[in-house]
Structure formats: C-alpha cells, structure tokens
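Trainee: I would like to take a close look at a single part of this model and follow it outward to its surroundings. Could you walk me through it in one connected account?

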Amino acid sequence: MNVEFEAALKYIDMESYDRAVEHLNKAIDKEMDGGSEETAMEYRCVLGELLANLDRKDEARDEFAAVVDYCDFSKSLPKQNAIAAAFIKAIDEGSPLPQVRARGSAPAKRDPRVPLVPKPVQNKSFISKQMNKRK
C-alpha cells in the first residue's frame, strides 16, 4: 500500500480532511506515474467518497466518473464500479448519499451474552468420560 494513501487514512481518522484530500491526490499521482492505474482508481474511489461526504459533490462526481469510465473500459474493479455508480446516481438525483461500510468494521454487533468459544455439551457420554478420567 502506498505511504501517501496510509497517511491520508490517518488524516481521515484524525478528521483533518483537507490534508487527507492532499495526500490522496499525491497517492493517485504516484500510482499513475508508476503505471498502476487499477490501484489509482481504487484510491480515486476513496477520494470521491471523501469529497462527497464533505459536500464537494461536483469534485466527487468527477472522481467517480473517472472510476466508472476506467471500470467500463478495463472490465475490472466491480466493487469500486458499484460504489461509484451509486454515488453518481445519488448526486444526480439529489438523494441521500449511500453509506459504505467502513473498512474492517463488523457487519453487526455481537451479543455479549453469547460466549466466543462454545462450552462442550455435557450429555451422558461426556459425563461418563469425565468420571472415567478420575479412576
């Protein structure tokens, strides 16, 4: 992963969004210069999502349009293509922006009453095995 992209993610976590946009642009430029257009488009999708959430919808739409064009041309990155298309549709229609699940987050909260490791079933055979170990 690109160092500039990692820095951008840290700035997003610290809520310093202008610096994050700066580093995302640097990461995109570095990947494009290195010949890795696919990675650059992944970063561009993140940049578009950040810009859309910052209410900079015109800039976000441009980023998402570039992602969709690349995905249609190369027939790759289906996840980014779907995200970009959903954001473009929401921006054009003026509807609320789609919520994309944060990276590494769990889909739902776990019930704290349920143990992580299930207890063994204590049926008749289990009890008899335990009793035989005592002898």
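Trainee: What span should the 16 residues of helix α5 (residues 78-93) have at 1.5 Å a residue, and how far apart are its end C-alpha atoms?

Mentor: Please keep in mind throughout that this is a predicted model. At 1.5 Å a residue, the expected span of α5 is 22 Å, and its end C-alpha atoms lie 22 Å apart, so the expectation and the model agree.

Turning from the length of the helix to its sides, the buried residues of α5 are Gln80, Ile83, Ala84, Phe87, Ile88, Ala90 and Ile91. They cover an arc of only 165 degrees around the axis, and therefore sit on the same side of α5. The other side of α5 carries Pro78, Lys89 and Glu93, which are exposed. As for what the buried residues meet, they pack against α3 (37-53) and α4 (57-74). Just after α5 comes glycine 94, whose phi is positive, at about 75 degrees.

Within this buried set, glutamine 80 deserves a separate look. Glutamine 80 belongs to helix α5, and its relative accessible area of 17% makes it buried, because the cut-off for that class is under 20%. If residues up to four places away in sequence are not counted, glutamine 80 touches Glu42, Cys45 and Val67.

One of those contacts, Cys45, leads to the cysteines. Cysteine 45 is buried, with a relative accessible area of 4%, and cysteine 71 is likewise buried, at 3%. The cysteine sulfur closest to that of cysteine 45 is the one in cysteine 71, and the two are 7.8 Å apart, which is too far for a bond. Seen from the other end, the sulfur of cysteine 71 has that of cysteine 45 as its closest cysteine sulfur, again at 7.8 Å. A disulfide would require the sulfur atoms to be within 2.5 Å, and by this rule the count comes to zero disulfides.

Because α3 and α4 are the helices against which the buried residues of α5 pack, the loop between them is a natural place to continue. Side chains of opposite charge can pair when their charged atoms come close. A search of the whole structure finds five salt bridges, among them one in which the side chains of aspartate 18 and arginine 56 meet, at 3.9 Å from N to O. This pair links distant parts of the chain, since aspartate 18 is in helix α2 (residues 17-34) while arginine 56 is in the loop between α3 and α4, 38 residues apart. Aspartate 18 counts as exposed, at 59% relative accessibility, whereas arginine 56 is partly exposed, with a relative accessible area of 26%.

Arginine 56 also forms a salt bridge with glutamate 59, where the closest N and O atoms are 3.1 Å apart. Asp18, Arg56 and Glu59 are thus joined into one network by salt bridges that share partners. Glutamate 59, at 37% relative accessibility, counts as partly exposed.

Another of the salt bridges brings together the side chains of aspartate 55 and lysine 57, at 2.7 Å from N to O. Here aspartate 55 counts as exposed, at 60% relative accessibility, and lysine 57 is partly exposed, its relative accessible area being 29%.

Note on methods: Residues numbered from 1 in each chain as written. Predicted model: local features only at pLDDT ≥ 70, side-chain atom pairs only at ≥ 80, totals over all residues. Heavy atoms only, no water. Helix = DSSP H or I, 4+ residues; strand = E, 2+ residues; numbered from the N terminus. Expected span 1.5 Å × (residues − 1). Buried < 20%, exposed > 50% of the residue type's maximum accessible area, 1.4 Å probe, protein only. Arc of directions from axis to C-beta. Contact = heavy atoms within 4.5 Å. Salt bridge = Lys/Arg side-chain N within 4 Å of Asp/Glu carboxyl O.
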